[in-house]
Amino acid sequence: MDLFLIKKFIGVFLMPLPMILICLFIAMVCLWRKKYGRAKLFLSVGVMAFILVSFAPIPNTLLHSLERQYPQYDLSEKVNYIVVLGCAHVNDRAVPITSQLSPCSLIRATEAIRILQHNPSAKILTSGNVGKQTFSNAYMTAQFIIAMGVPANRVIEVPLSKDTEEEAANLQATLQNKQFALVTSATHMKRAVYLFQQQGLTPIPAPTEHLVRDSEDGGTGYLLPASKSIYKFERWWYEWMGNTWVKIKSWF
(Lines give C-alpha, C1' and ligand atoms only; values in the text may rest on other atoms or scores of the structure.)
Protein backbone atom coordinates (compact mmCIF):
# COMPACT_ATOMS: atom_id res chain seq x y z
CA MET A 1 0.00 0.00 0.00
CA ASP A 2 1.55 3.32 -1.08
CA LEU A 3 1.67 6.50 0.98
CA PHE A 4 -1.29 8.00 -0.86
CA LEU A 5 -3.60 5.10 0.07
CA ILE A 6 -2.32 5.03 3.65
CA LYS A 7 -3.01 8.76 3.95
CA LYS A 8 -6.54 8.35 2.60
CA PHE A 9 -7.23 5.33 4.83
CA ILE A 10 -6.12 7.12 8.00
CA GLY A 11 -7.99 10.26 6.95
CA VAL A 12 -11.29 8.38 6.76
CA PHE A 13 -11.07 7.34 10.41
CA LEU A 14 -10.06 10.83 11.53
CA MET A 15 -13.24 12.39 10.14
CA PRO A 16 -15.78 13.62 12.72
CA LEU A 17 -18.54 11.01 12.26
CA PRO A 18 -16.25 7.95 12.47
CA MET A 19 -14.62 9.38 15.61
CA ILE A 20 -18.01 10.10 17.17
CA LEU A 21 -19.20 6.57 16.38
CA ILE A 22 -16.02 5.13 17.89
CA CYS A 23 -16.66 7.10 21.10
CA LEU A 24 -20.26 5.85 21.25
CA PHE A 25 -19.18 2.27 20.55
CA ILE A 26 -16.59 2.42 23.35
CA ALA A 27 -19.26 3.82 25.66
CA MET A 28 -21.55 0.91 24.78
CA VAL A 29 -18.80 -1.64 25.44
CA CYS A 30 -18.03 0.01 28.79
CA LEU A 31 -21.71 -0.22 29.75
CA TRP A 32 -21.75 -3.94 28.97
CA ARG A 33 -18.64 -4.39 31.11
CA LYS A 34 -20.20 -2.23 33.88
CA LYS A 35 -17.44 0.36 33.71
CA TYR A 36 -19.87 3.21 34.17
CA GLY A 37 -17.34 6.00 34.71
CA ARG A 38 -15.66 5.39 31.35
CA ALA A 39 -19.04 4.87 29.71
CA LYS A 40 -20.22 8.29 30.89
CA LEU A 41 -17.01 9.91 29.64
CA PHE A 42 -17.12 8.46 26.11
CA LEU A 43 -20.90 8.90 25.86
CA SER A 44 -20.60 12.55 26.86
CA VAL A 45 -17.76 13.19 24.39
CA GLY A 46 -19.63 11.49 21.54
CA VAL A 47 -22.94 13.25 22.15
CA MET A 48 -21.39 16.70 22.68
CA ALA A 49 -19.27 16.34 19.56
CA PHE A 50 -22.34 15.35 17.55
CA ILE A 51 -24.22 18.39 18.83
CA LEU A 52 -21.37 20.75 17.95
CA VAL A 53 -21.00 19.54 14.36
CA SER A 54 -24.72 19.25 13.55
CA PHE A 55 -25.77 22.81 14.44
CA ALA A 56 -25.06 25.48 11.83
CA PRO A 57 -23.30 28.29 13.78
CA ILE A 58 -20.00 26.48 14.38
CA PRO A 59 -19.56 24.86 10.92
CA ASN A 60 -20.67 28.04 9.16
CA THR A 61 -18.29 30.25 11.14
CA LEU A 62 -15.31 27.96 10.56
CA LEU A 63 -16.04 27.48 6.84
CA HIS A 64 -16.72 31.16 6.21
CA SER A 65 -13.32 32.07 7.62
CA LEU A 66 -11.62 29.47 5.40
CA GLU A 67 -13.55 30.21 2.21
CA ARG A 68 -13.13 34.00 2.29
CA GLN A 69 -9.34 34.05 2.44
CA TYR A 70 -9.36 34.74 -1.30
CA PRO A 71 -11.86 36.97 -3.14
CA GLN A 72 -13.65 35.90 -6.29
CA TYR A 73 -11.65 36.05 -9.51
CA ASP A 74 -11.29 39.50 -11.09
CA LEU A 75 -12.44 39.02 -14.70
CA SER A 76 -10.26 41.91 -15.83
CA GLU A 77 -7.19 39.81 -14.96
CA LYS A 78 -5.76 38.32 -18.16
CA VAL A 79 -4.27 34.81 -18.10
CA ASN A 80 -2.65 32.29 -20.43
CA TYR A 81 -4.15 29.23 -18.74
CA ILE A 82 -7.11 28.35 -16.54
CA VAL A 83 -6.32 25.35 -14.33
CA VAL A 84 -9.26 23.26 -13.11
CA LEU A 85 -8.21 20.99 -10.26
CA GLY A 86 -9.74 17.52 -10.18
CA CYS A 87 -12.54 16.51 -7.87
CA ALA A 88 -14.78 13.45 -8.30
CA HIS A 89 -16.86 11.63 -10.90
CA VAL A 90 -18.31 8.29 -11.94
CA ASN A 91 -18.52 6.69 -15.37
CA ASP A 92 -22.13 5.70 -16.05
CA ARG A 93 -23.17 6.18 -19.66
CA ALA A 94 -26.80 5.61 -18.76
CA VAL A 95 -26.86 9.15 -17.35
CA PRO A 96 -25.71 12.46 -18.88
CA ILE A 97 -22.26 13.83 -18.18
CA THR A 98 -23.81 16.42 -15.86
CA SER A 99 -24.81 13.51 -13.59
CA GLN A 100 -21.49 11.70 -13.95
CA LEU A 101 -19.48 14.65 -12.64
CA SER A 102 -19.77 15.43 -8.94
CA PRO A 103 -21.12 18.87 -7.97
CA CYS A 104 -17.61 20.13 -7.15
CA SER A 105 -16.32 19.13 -10.61
CA LEU A 106 -19.31 20.74 -12.33
CA ILE A 107 -18.97 24.00 -10.44
CA ARG A 108 -15.22 24.21 -11.02
CA ALA A 109 -15.64 23.55 -14.73
CA THR A 110 -18.40 26.16 -15.00
CA GLU A 111 -16.22 28.77 -13.31
CA ALA A 112 -13.40 27.97 -15.75
CA ILE A 113 -15.76 28.54 -18.68
CA ARG A 114 -16.83 31.87 -17.18
CA ILE A 115 -13.21 33.01 -16.91
CA LEU A 116 -12.40 31.73 -20.42
CA GLN A 117 -15.08 33.96 -21.91
CA HIS A 118 -13.02 36.96 -20.80
CA ASN A 119 -9.72 35.47 -22.02
CA PRO A 120 -10.17 34.66 -25.73
CA SER A 121 -6.60 33.39 -26.17
CA ALA A 122 -6.38 31.30 -22.99
CA LYS A 123 -6.61 27.52 -22.66
CA ILE A 124 -8.18 25.38 -19.96
CA LEU A 125 -6.08 22.69 -18.25
CA THR A 126 -8.18 19.95 -16.64
CA SER A 127 -6.60 17.74 -14.01
CA GLY A 128 -7.53 14.64 -12.00
CA ASN A 129 -6.78 10.94 -12.29
CA VAL A 130 -8.84 7.83 -13.02
CA GLY A 131 -9.30 6.49 -9.50
CA LYS A 132 -11.56 3.42 -9.76
CA GLN A 133 -13.36 4.68 -12.87
CA THR A 134 -12.87 3.96 -16.57
CA PHE A 135 -11.96 7.52 -17.57
CA SER A 136 -10.04 10.17 -15.65
CA ASN A 137 -11.58 13.17 -13.97
CA ALA A 138 -9.49 15.34 -16.30
CA TYR A 139 -11.12 13.66 -19.31
CA MET A 140 -14.66 13.87 -17.94
CA THR A 141 -14.28 17.52 -16.98
CA ALA A 142 -12.86 18.27 -20.43
CA GLN A 143 -15.81 16.52 -22.08
CA PHE A 144 -18.25 18.64 -20.08
CA ILE A 145 -16.42 21.86 -20.99
CA ILE A 146 -16.44 20.91 -24.68
CA ALA A 147 -20.13 20.01 -24.44
CA MET A 148 -20.75 23.55 -23.18
CA GLY A 149 -19.40 24.93 -26.46
CA VAL A 150 -15.68 25.42 -25.79
CA PRO A 151 -13.56 24.30 -28.79
CA ALA A 152 -11.68 21.07 -28.09
CA ASN A 153 -8.34 22.66 -29.08
CA ARG A 154 -8.67 25.04 -26.13
CA VAL A 155 -8.89 22.24 -23.55
CA ILE A 156 -5.83 20.25 -22.40
CA GLU A 157 -6.14 17.16 -20.19
CA VAL A 158 -3.55 16.34 -17.52
CA PRO A 159 -4.88 13.04 -16.14
CA LEU A 160 -2.10 11.49 -14.06
CA SER A 161 -2.32 13.37 -10.74
CA LYS A 162 -3.71 11.63 -7.65
CA ASP A 163 -3.82 14.68 -5.38
CA THR A 164 -3.17 18.43 -5.35
CA GLU A 165 0.52 18.03 -4.63
CA GLU A 166 0.96 15.89 -7.74
CA GLU A 167 -1.21 18.26 -9.77
CA ALA A 168 1.10 21.14 -8.92
CA ALA A 169 4.21 19.09 -9.72
CA ASN A 170 2.84 17.77 -13.03
CA LEU A 171 1.77 21.23 -14.19
CA GLN A 172 4.95 23.02 -13.12
CA ALA A 173 6.73 22.85 -16.47
CA THR A 174 3.68 24.09 -18.41
CA LEU A 175 2.83 26.93 -16.05
CA GLN A 176 6.31 28.22 -15.26
CA ASN A 177 6.45 31.99 -15.91
CA LYS A 178 2.84 31.96 -17.15
CA GLN A 179 -0.20 33.87 -15.93
CA PHE A 180 -2.81 31.35 -14.85
CA ALA A 181 -6.04 31.20 -12.88
CA LEU A 182 -6.33 28.38 -10.37
CA VAL A 183 -9.90 27.10 -10.10
CA THR A 184 -10.88 24.94 -7.15
CA SER A 185 -13.39 24.87 -4.31
CA ALA A 186 -13.12 27.80 -1.91
CA THR A 187 -12.52 25.41 1.00
CA HIS A 188 -9.55 23.89 -0.84
CA MET A 189 -7.99 27.07 -2.20
CA LYS A 190 -5.62 27.79 0.70
CA ARG A 191 -3.89 24.41 0.39
CA ALA A 192 -3.90 24.51 -3.42
CA VAL A 193 -2.22 27.93 -3.55
CA TYR A 194 0.41 26.82 -1.03
CA LEU A 195 1.27 23.65 -2.99
CA PHE A 196 1.49 25.50 -6.32
CA GLN A 197 3.70 28.15 -4.74
CA GLN A 198 5.99 25.39 -3.49
CA GLN A 199 6.58 24.54 -7.15
CA GLY A 200 7.71 28.11 -7.82
CA LEU A 201 4.42 29.05 -9.48
CA THR A 202 2.26 32.13 -8.93
CA PRO A 203 -1.40 31.14 -9.20
CA ILE A 204 -4.20 33.68 -9.38
CA PRO A 205 -6.89 32.19 -7.09
CA ALA A 206 -10.33 31.64 -8.59
CA PRO A 207 -12.30 30.09 -5.71
CA THR A 208 -15.76 28.66 -6.32
CA GLU A 209 -18.30 26.26 -4.76
CA HIS A 210 -18.67 28.42 -1.65
CA LEU A 211 -20.72 26.55 0.94
CA VAL A 212 -21.41 29.59 3.15
CA ARG A 213 -22.97 32.67 1.54
CA ASP A 214 -23.53 35.90 3.47
CA SER A 215 -27.03 36.62 2.15
CA GLU A 216 -28.48 33.20 2.96
CA ASP A 217 -31.49 33.34 5.26
CA GLY A 218 -30.97 30.74 7.94
CA GLY A 219 -34.58 30.98 9.10
CA THR A 220 -35.89 29.03 12.04
CA GLY A 221 -33.99 25.94 10.93
CA TYR A 222 -30.63 27.63 11.42
CA LEU A 223 -30.49 26.58 15.06
CA LEU A 224 -31.75 23.05 14.44
CA PRO A 225 -29.48 20.05 13.79
CA ALA A 226 -29.06 19.25 10.10
CA SER A 227 -27.05 16.85 7.97
CA LYS A 228 -25.80 19.73 5.81
CA SER A 229 -24.18 21.26 8.89
CA ILE A 230 -22.34 17.99 9.52
CA TYR A 231 -21.23 18.02 5.87
CA LYS A 232 -19.91 21.58 6.21
CA PHE A 233 -18.00 20.72 9.36
CA GLU A 234 -16.51 17.69 7.65
CA ARG A 235 -15.36 19.83 4.71
CA TRP A 236 -13.69 22.26 7.12
CA TRP A 237 -12.14 19.45 9.14
CA TYR A 238 -10.83 17.70 6.01
CA GLU A 239 -9.13 20.87 4.83
CA TRP A 240 -7.74 21.61 8.30
CA MET A 241 -6.12 18.16 8.31
CA GLY A 242 -4.82 18.71 4.77
CA ASN A 243 -3.35 22.12 5.57
CA THR A 244 -1.76 20.78 8.75
CA TRP A 245 -0.25 17.83 6.86
CA VAL A 246 1.40 19.94 4.15
CA LYS A 247 2.83 22.27 6.79
CA ILE A 248 4.32 19.34 8.71
CA LYS A 249 5.78 17.91 5.50
CA SER A 250 7.42 21.24 4.71
CA TRP A 251 9.47 21.01 7.92
CA PHE A 252 11.34 17.93 6.69
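**Cysteines in the predicted model**

C23 sits at a relative accessible area of 16%, so this cysteine counts as buried. The model is a predicted one, and C23 takes part in no disulfide there. The nearest cysteine sulfur to C23 belongs to C30 and is 11 Å away. With a disulfide requiring sulfur atoms within 2.5 Å, that gap rules the pairing out, because 11 Å is not within 2.5 Å.

Seen from the other end, C30 is likewise in no disulfide, and the nearest cysteine sulfur is that of C23, 11 Å away. C30 is buried too, at 9% relative accessibility.

That leaves the pair that does bond. The count by the distance rule comes to one disulfide, and the partners are C87 and C104, with their sulfur atoms 1.7 Å apart. This passes the cut-off, because the two sulfurs only have to be within 2.5 Å. In general terms, such a link is a covalent bond between the sulfur atoms of two cysteines.

As for the geometry, the torsion about the S-S bond of C87 and C104 is about -85 degrees, so the disulfide is left-handed. C87 is found in the loop between β1 (81-84) and α5 (97-100), while C104 belongs to helix α6 (residues 103-116). The bond therefore ties together parts that are 17 residues apart in sequence.

The two ends of the bridge fall into separate exposure classes: C87 is partly exposed, with a relative accessible area of 33%, whereas C104 is buried, at 10%.

How values were computed. Residues numbered from 1 in each chain as written. Predicted model: local features only at pLDDT ≥ 70, side-chain atom pairs only at ≥ 80, totals over all residues. Heavy atoms only, no water. Helix = DSSP H or I, 4+ residues; strand = E, 2+ residues; numbered from the N terminus. Buried < 20%, exposed > 50% of the residue type's maximum accessible area, 1.4 Å probe, protein only.
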